[in-house]
Amino acid sequence: MQGVVYHSQSIQAWEQRWFAQQNSSLGLMQQAAWAISQQLIAQFKPKKIQKIAVWCGQGNNAGDGYYIAAYLKQQGIKVTIFAAELGQSADLRQAAAYAQKQQVDIQSLDYVLSEKAVHQEIPTFDCHIDALFGIGLNRELDQHWQDIIQLFNAQTGLKISIDVPSGLQANTGQALPVAVQADQTFTILGYKAGLFTGQGKQYVGKLHLLRLIPTDTELKSLAYLSPEKVILPKRQAFGHKGSYGHVLVVGGHADMGGAVIMSAEAAFHAGAGKVSIVCHAKHHQAILARSPNIMVRDINSLDQEEIEQLLKQVDAVCFGMGLGRDQWAEHIYQQWFELLNQNSHLEVVLDADGLWFLAKYPQQLNNHVYATPHSGEAATLLGCSAKEIEQDRIAAIQQLQQKCGGQWVLKGAGSLILEKELFICTQGNAGMGTGGMGDVLAGMIASLKAQFHQQIALHEIVTLHAQAGDLLAENGIRGLQAHDMGKMIYQVVNQND
């Protein structure tokens with residue numbers, strides 16, 4: 001999936017400019033409803049879906065629902081509308097009048113929610129269409145509307161949402177606090193960020209875009225969807241290990257050796273020519289027993305001059321994995337960080353405990369530094385809670401770059417990547433929410449940047465990591481292990497060779 005993502009306010013302003021050119025708002029409503037109804041009719045016939053319920057709220061999204069109901073009724077499909085009291089919109093009232101003229105059965109949503117209706121139960125429908133709220137919803141729903149959405153979700157049959165699943169904030173992807181659980185969503189005019197990040201994936205189902213009107217020069221993008229296909233440059237036949245980058249992984253407190261191993265192995269699987277680990281010496285035996293191709297150095301034995309010499313020999317550095325947060329870790333951070341930040345020939349990935357120390361000692365990151373927090377680490381950097389980060393992930397990643405510089409990945413469902421532009425990764429799965437996946441991502445970033453530098457973008461590497469996770473999850477998402485990612489990384493970086 002590729003495309004441009006917009007803020008809901010930009011979509012609404014675009015609509016208003018279209019109407020100011022003497023285009024009809026009612027006509028656009030009819031156009032959207034007609035396009036959706038035709039796609040639904042094509043779906044319904046082979047599945048023998050013949051009995052439809054359309055749930056309509058009080059805004060123009062409900063107007064789409066009334067027209068969809070009328071157009072489906074014209075095709076001989078049995079349609080019932082569960083309707084809220086009509087709002088003030090003239091277009092909505094005209095849509096409702098049209099549905100009545102087509103003799104669509106219209107029942108009150110309040111009646112459906114009443115105790116009498118609950119005892120009688122709602123009749124069974126083959127499909128329920130959600131036209132309760134549109135993209136303008138930005139408040140938490142009261143109990144009445146929460147009850148309606150929960151009742152909608154409790155029904156059997158196919159669930160279709162119009163524009164965005166009702167209850168889902170269009171820009172943040174947060175449920176307010178509940179949202180329609182759709183099997184499919186037909187979004188109108190343009191993609192909205194909340195369909196892809198935050199909780200959006202949980203509610204949207206299969207996504208369809210209806211563009212309907214031409215874009216204008218005033219329409220500004222908010223983000224881009226990261227491309228699903230990443231093509232890496234082909235290797236030359238005469239290449240050798242020195243041709244494909246040397247990755248250095250720095251971390252590994254005496255009590256935490258696994259993270260540096262996972263980062264280093266991911267770097268090798270992503271194609272790095274050489275990989276070294278600088279960590280506490282107690283981990284060296286385990287590292288070499290598992291991966292004898294990894295070179296090791298004792299982090300406690302290096303003085304400043306030796307560190308500087310080592311950094312001249314490598315192309316990329318992963319810093320912070322398993323570093324810890326005690327006095328020893330603080331000393332290591334202060335010994336290494338300034339050199340990493342100032343050496344512009346290096347590609348530097350700052351992760352895990354490295355981010356914790358960045359929060360403690362704020363400093364501007366240069367553009368060759370890639371910071372990869374999850375929401376908890378982002379919250380520490382911004383001095384807020386992880387819940388606040390998740391309430392508006394796009395605002396959070398923008399604040400991180402404004403405060404700290406550098407380039408950023410805000411990990412999680414619909415990972416966000418902020419380079420010169422903002423990208424949203426549409427791939428990956430819930431099984432990747434397990435210890436070590438971030439270490440693997442850090443190793444992949446360092447490896448692919450060491451090999452290709454500016455020939456590969458940060459968002460493309462995040463996509464490859466997500467694709468590897470999806471390959472790993474082909475037989476189920478529960479119980480995935482980060483240390484099993486190696487073979488999947490090998491597959492995705494070779495998918496075009």
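Here are some short exercises with worked solutions on this predicted model.

**Exercise 1: Getting your bearings**

Find the domains into which the protein is divided, and work out how they meet.

*Solution.* Start with the bounds: domain 1 runs over 4–220, and domain 2 over 246–494. Next, take the C-alpha centres of domain 1 and domain 2, which lie 41 Å apart. Finally, look at the contact between them, where domain 1 puts in 9 residues and domain 2 puts in 12 residues.

**Exercise 2: A set of annotated residues**

Locate Lys411, Gly412, Ala413, Gly414, Ser415 and Gly438, and decide whether they are gathered or scattered.

*Solution.* Begin with the record: an unreviewed UniProt entry covers these six positions with the annotation "binding site". In sequence they span 28 residues, yet no two of their C-alpha atoms are more than 14.4 Å apart, so they gather at one spot. Then check the largest pocket: its lining takes in Lys411, Gly412, Ala413, Gly414, Ser415 and Gly438.

**Exercise 3: Two glycines in one loop**

Decide for Gly412 and for Gly414 whether each is buried, partly exposed or exposed.

*Solution.* First place them. Gly412 sits in the loop between strand S17 (405–410) and strand S18 (416–418), and Gly414 is also found in the loop between S17 and S18. Now apply the cut-off: a residue is buried under 20% relative accessible area and exposed over 50%. Gly412 has 42% relative accessibility, so it counts as partly exposed. Gly414 has 2% relative accessibility and therefore counts as buried. To see what surrounds Gly414, leave aside its neighbours within four places in sequence; its contacts are then Phe196, Thr197, Arg393, Ile424 and Cys425.

**Exercise 4: The largest pocket**

Describe the space in the largest pocket and the residues that line it.

*Solution.* The volume comes to about 690 Å³. Around it stand 31 lining residues, and the closest to the centre are Gly412, Ala413, Asn429, Met432 and Gly433. Sorting the lining by class gives 10 nonpolar, 16 polar and 5 charged residues. As for the helices, H8 (200–204), H17 (437–452) and H18 (458–472) each supply at least two residues, and H17 gives the largest share, 4 residues. Last, compare with the domains: domain 1 and domain 2 each provide at least three residues of this lining.

**Exercise 5: The second largest pocket**

Do the same for the second largest pocket.

*Solution.* This pocket holds about 570 Å³ of space. It is lined by 27 residues, with Glu15, Asn60, Asn61, Gly134 and Ile135 nearest its centre. Two or more lining residues come from each of helix H1 (8–20), helix H2 (25–47) and helix H3 (60–74). H1 gives the most, with 5 residues. By class, the lining has 12 nonpolar, 10 polar and 5 charged residues.

**Exercise 6: A second annotated set**

Trace what Ala259 and Asp439 touch.

*Solution.* The unreviewed UniProt entry also marks Ala259, Gly322, His374 and Asp439 as "binding site". Of these residues, His374 and Asp439 are included in the lining of the largest pocket. Ala259 lies in helix H9 (residues 258–269), and its 12% relative accessibility makes it buried. Asp439 is in helix H17 and is buried too, at 11%. Now set aside residues up to four places away in sequence. Ala259 touches Met321, Gly322 and Asp439, while Asp439 touches Ala259, Met262, Ser263, Met321 and Asp351.

Notes:
Residues are numbered from 1 along each chain as its sequence is written. This is a predicted model: local features need pLDDT of at least 70, side-chain atom pairs count only at pLDDT 80 or more; totals for chains, interfaces and linings use all residues. Side-chain values use heavy atoms; hydrogens and water are left out. UniProt positions are given in the numbering used here, feature names are shortened, and annotations may be inferred rather than shown by experiment. On a 1 Å grid over the protein atoms alone, a cavity is a set of points where a 1.4 Å probe fits but cannot get out, and a pocket is an open set with protein on both sides within 12 Å along at least five of seven lines; lining residues have an atom within 4 Å of a point. Buried means under 20% relative accessible area, exposed over 50%, partly exposed in between (1.4 Å probe, protein chains only). Contact means heavy atoms within 4.5 Å. Grid points are joined across faces, edges and corners, and a volume is the space filled by probe spheres set on the points. Ala, Val, Leu, Ile, Met, Phe, Trp, Tyr, Cys and Pro count as nonpolar, Asp, Glu, Lys and Arg as charged, and the others, Gly among them, as polar. Domain bounds come from an automatic or database domain assignment.
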